[in-house]
Amino acid sequence: MTARRLDEIYKLLFRHFGPQAWWPGETPFEIIIGAILTQNTNWSNVEKAIANLKSAGCLTPERMHDMQIEKLAQLVRPSGYYKVKTARLKNFLSWLCDNHHNRLQNLQNIRTDTLRQQLLAVKGIGPETADSILLYAFNRQVFVVDAYTSRIAVRHQLIEPDHDYSGLQQLFQSNLPADTVLFNEFHALLVRLGKQFCKPKARCAGCPLEKLPHTVDIECL
DNA sequence: GACCAGGCACATC
DNA sequence: GATGTGCATGGT
């Protein structure tokens, strides 16, 4: 039943919005940096920070690892929370340097659950950031859950409001075919929908999903 | 000027 | 274990 509803939601979203071409980043490394910088932050602010890193010519593991903290902080400043994010970037870069010789290629052969555990052990990388990295930088079969996914799932009564991250992730992973292309597009479409129609305290008039059964016409969380 | 944005770690109870 | 709080910039 849930599988059928998810399939219907996916098709409606794809028909309405079309392919989203995620993740907006040119390389796996850029995707990872973007995933850390976008924590609780508007993507347009992240773009400014990434543009700074690119024009400084230092969007590589080696350059960012060797860069002074203060210098890096100034470059990523537009993305907000710039001091904590600088520390989080450095934590990731140190992990990559110390354990994998600064080569993302060296992560390719690590099992997905092992790699996920390793990423989660880096201070500043939580479940959503880890899963974004796994799916969008490494094409692993992991469904990414975020605040939009949660609001939308509650609004459409797919899950209880007091759910946790892994519960919501399991809902998607166990009711969808294990297909990284689908996981990629579905999450991107949920974000696209959320940005326009499922903001906090906003109703969903005009939402492409509003006529579905089980839709709760109440304010989002 | 208020509100919000593609989280996370940490303090406190 | 649950709940609250700090972190910050830039767009609407």
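In the predicted model, the surface near DNA strand B receives its greatest contribution from helix α8, with 4 residues; a residue is near a strand if its C-beta atom, placed from the backbone, lies within 6 Å of it. Helices are DSSP runs (H or I, at least four residues) numbered from the N terminus. In total, 27 residues surround DNA strand B, and Q39, N40, G126, T129 and A147 are the closest. Two or more residues are given to this surface by each of α8 (127-137), α9 (147-155) and α11. The surface near DNA strand B comprises 11 nonpolar, 10 polar and 6 charged residues. Here Ala, Val, Leu, Ile, Met, Phe, Trp, Tyr, Cys and Pro count as nonpolar, Asp, Glu, Lys and Arg as charged, and the others, Gly among them, as polar.

Around DNA strand C there are 13 residues, of which P78, G80, Y81, K83 and V84 come nearest. Helices α3 (43-55) and α6 (82-100) each supply at least two residues of the surface near this strand. Its residues divide into 4 nonpolar, 6 polar and 3 charged.

The largest nonpolar core (a set of buried Ala, Val, Leu, Ile, Met, Phe, Trp, Tyr and Cys residues joined through C-beta atoms within 7 Å) contains 49 residues, and I32, I36, A49, L89, I133 and L193 touch the most other members. Helix α11 (residues 180-197) gives the most to this core, with 8 residues. A residue is buried if 20 or more other C-beta atoms lie within 10 Å of its own.

Residues are numbered from 1 along each chain as its sequence is written, while chains are lettered from A and ligands numbered from 1 in the order in which they are written. Because the model is predicted, local features need pLDDT of at least 70 and side-chain atom pairs count only at pLDDT 80 or more, whereas totals for chains, interfaces and linings use all residues.

Key: A residue is buried if 20 or more other C-beta atoms lie within 10 Å of its own, exposed if 12 or fewer, and partly exposed in between; C-beta atoms are placed from the backbone.
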